[in-house]
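Student: I have a model open and would like to learn how to read it. Could we go through it together?

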Amino acid sequence: MAFLPSFILSDESKERISKILNLSQTVAHYGWLPFVLYLGWSHTSNRPNLFSLLSPLPSV
Amino acid sequence: MSARFGIPGAQAPAKKQSKLEQFRQTPAYPILVNVSLFIAGVAFIQSPLMDMMAPQL
Amino acid sequence: MSSSTPLPLGDFSKINTIPGVSPMTNEQKNGSFWSSNPIFSYLNDVYNNIHAHRQSLSLVNPGTIENLNKEVSRDVFLTQYFFTGLRADLNKAFALNPAFQTSHTLSMGSPNLPSYAFSALFANDNLFMQGNFDNEMSLSGRLNYGWDKNNISKVTLQISQGQPTMCQLEQDYQGSDFSLNLKALNPSVSTKGEFTGVAVGSILQSVTPQFALGLEAIYSRGQSTMPADAAVSYVTRYVSPKQDWIFSGQLQANGALITSFWRKVAPNVEAGLETTLQASMIPISDPVIGTPIGVQPTIEGSTTLGCKYEYRQSVFRGSLDSNGKVGCFLERKILPTLSVLFCGEIDHFKQESKLGCGLQFETAGSEELLMMQQGLDANGNPLQAAPQI
């Protein structure tokens, strides 16, 4: 980035970049845990349903 | 210097500080205390005293 | 070669050569240009010699700087485990390999623990992923990915509402006798091409099979308008030949000197000692006017002695501190599915005390794990050894 003078990025594209950053932060904020749950769910043999995944009670 | 010519109350507390009290104000004091505590701790942990604190199962 | 043995004519490979210049071996002839030309073959030889010499020192990987005093500060001391108030953990394991478990944590009366948190963990041979979400909508996540047995990439995320997001990228390389670690915290490049954030590089190198030396360099720049900061810390670690005691020392750039000592007293007893000396500058203000007139160096120190006892059903940790704090942490498994936690701390100098009580439930998410918790295998027969869940 050092060779790029700052005026190449217009205000519009700066705004777009910050929008993308905000969006990716929101996705990470709310998508991280569901993604971990999905990974675990898809790798276990018995494929527990959503309720048993989220409830703290023993499911068997 | 006698206290008669000094301002009463101003000089006296400073004089009461013993050598030990003065030493406690210097940065060397916490260094000395903690280094000696560390050495004492290592000696304690390596000593047979620590072995005796292990339960004989 | 002795002169008495007749040299068979025609066999040129037996003729002594000028030292340092040797005809190419078959191996080198078959190699590409890079390994067959004389300059590079010389460089390769030098590299191979150094490598062989390094191998002959029989050095081992010293571990990472992050784990420099892990034995004392994370295993023996109770600071990692201490909590106040009441808490309950409901862990539910779905599978052991790959490991997958969820956990609900409820807590009361603690200033730092959230009142409810849900976390999930997934780990297989090269991926570890963990997330924690609490009732204040803040997320903390970790992702470790091992590319091979030497290279691990790590991502740590911390997102909470109303606070700046923290993202840390980390790369770990573990060589045969050294460890290299590169970290970047909130890295970003401004439009002017300036780096902002914190970058940390560290190396720990074994010098002898027991002794390792390392250093850590930190470069930080909070805002692109502010001047950057850089600092270097030095670390050292000595492991005894029998691996039964470890000494480690750190001289940090902020003026802290931390030395720690650990010993395995018996197979189930460990003892640890840590001394911290923190040097800092405090401003002195004029006693009459109240304006600052200078700075004064001060040194604060504390020494902590701790021990850990491991029994078959319980773990006990105790610690004693030169600032007058006495603390203990007790964890006892009363049933295969239920553990009780107790921790307490008394500060004798400040006349304060803290208390924490907790319950840990282990529940099963699958038939197989339920049977294992009851000491049976999948077919309902008793297991030979007690399961380690």
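Tutor: Happily! Let us begin with contacts: two residues are in contact when they have heavy atoms within 4.5 Å of each other. Keep in mind that this is a predicted model.

Student: How many residues does each side give to the contact of chain B and chain C?

Tutor: Chain B contributes 18 residues and chain C contributes 24 residues.

Student: And how is the size of such a contact expressed?

Tutor: People often quote the accessible area that is lost when the parts come together. For chain B and chain C that area is about 1800 Å², with 73% of it on carbon and sulfur atoms. On the chain B side, B:Asn34, B:Phe38 and B:Ile45 together supply 34% of the area buried against chain C, more than any other three residues.

Student: Which side chains meet in a salt bridge there?

Tutor: Look for C:Arg263 and B:Asp51, whose side chains meet at 3.2 Å, N to O. The rule finds 1 salt bridge across this interface, and it also finds 6 residue pairs in polar contact, both partners at pLDDT 80 or more.

Student: Which elements give two or more residues to the side of chain B that touches chain C?

Tutor: They are α3 (28-46) and α4 (48-52) of chain B. The most comes from α3(B), with 10 residues. Sorted by class, this side of chain B has 13 nonpolar, 4 polar and 1 charged residues.

Student: Now the other contact. How many residues do chain C and chain A give to it?

Tutor: Here chain C gives 38 residues and chain A gives 31 residues. The two chains bury about 2800 Å² between them, and carbon and sulfur atoms give 74% of that.

Student: How many salt bridges does the rule find across the interface of chain C and chain A?

Tutor: It finds 0 salt bridges, while the count of residue pairs in polar contact is 9, with both residues at pLDDT 80 or more. Several elements of chain C give two or more residues to this side, including β1 (85-95), β6 (151-159), β19 (352-364) and α5 (367-373). The biggest giver is β4(C), with 6 residues. By class, the chain C side divides into 20 nonpolar, 15 polar and 3 charged residues.

Student: Could you show me one residue from this region in detail?

Tutor: Try C:Ile159, which lies in strand β6 of chain C. Which of its neighbours can you pick out, leaving aside residues up to four places away in sequence?

Student: I can see that C:Ile159 touches A:Gln25, A:Ala28 and A:His29, and on its own chain C:Met137, C:Ser138, C:Leu139 and C:Thr165. Is C:Ile159 buried or exposed?

Tutor: C:Ile159 has 2% relative accessibility, so it counts as buried; the cut-off for that word is under 20%. Another thing to try is the C-alpha separation of C:Ile159 and C:Ser140: they are 19 residues apart along the chain, and 6.4 Å apart in space.

Student: What should I look for in aromatic rings?

Tutor: Check the distance between ring centres and the angle between planes; an angle under 30 degrees counts as stacked, and one over 60 as edge-to-face. Over all chains the count is 14 aromatic pairs. C:Phe94 and C:Phe100 make a stacked pair, 5.2 Å centre to centre with 25° between the planes, and both residues are buried. C:Phe195 and C:Tyr219 make a tilted pair instead, at 6.2 Å and 45°. That pair joins strand β9 (residues 195-206) to strand β10 (residues 211-221) of chain C, with its members 24 residues apart. C:Phe195 is partly exposed at 28% relative accessible area, and C:Tyr219 is partly exposed at 32%.

Student: Which residues do ring pairs link into a cluster?

Tutor: C:Phe211, C:Tyr238, C:Trp245 and C:Phe261.

Student: Finally, what about the backbone?

Tutor: Most residues other than glycine have a negative phi, and most peptide bonds are trans. Against that background, the peptide bond from C:Asn97 to C:Pro98 is cis, and C:Pro98 sits in the loop between β1 and β2 of chain C. C:Asn186 is not a glycine, yet it has a positive phi of about 50°; this residue is in strand β8 (residues 178-189) and is partly exposed at 34%. C:Gln243 also has a positive phi, about 65°. Its place is the loop between β11 (229-239) and β12 (245-251) of chain C, where C:Gln243 is exposed with a relative accessible area of 55%.

Terms used:
Residues numbered from 1 in each chain as written. Chains lettered and ligands numbered in written order. Predicted model: local features only at pLDDT ≥ 70, side-chain atom pairs only at ≥ 80, totals over all residues. Heavy atoms only, no water. Buried area = accessible area lost by both parts, 1.4 Å probe. Salt bridge = Lys/Arg side-chain N within 4 Å of Asp/Glu carboxyl O. Polar contact = N/O pair within 3.5 Å; in protein donor to acceptor, adjacent residues only side chain to side chain. Helix = DSSP H or I, 4+ residues; strand = E, 2+ residues; numbered from the N terminus. Nonpolar A, V, L, I, M, F, W, Y, C, P; charged D, E, K, R; others polar. Phe/Tyr/Trp six-rings, centres within 6.5 Å; stacked < 30°, edge-to-face > 60°. Buried < 20%, exposed > 50% of the residue type's maximum accessible area, 1.4 Å probe, protein only.
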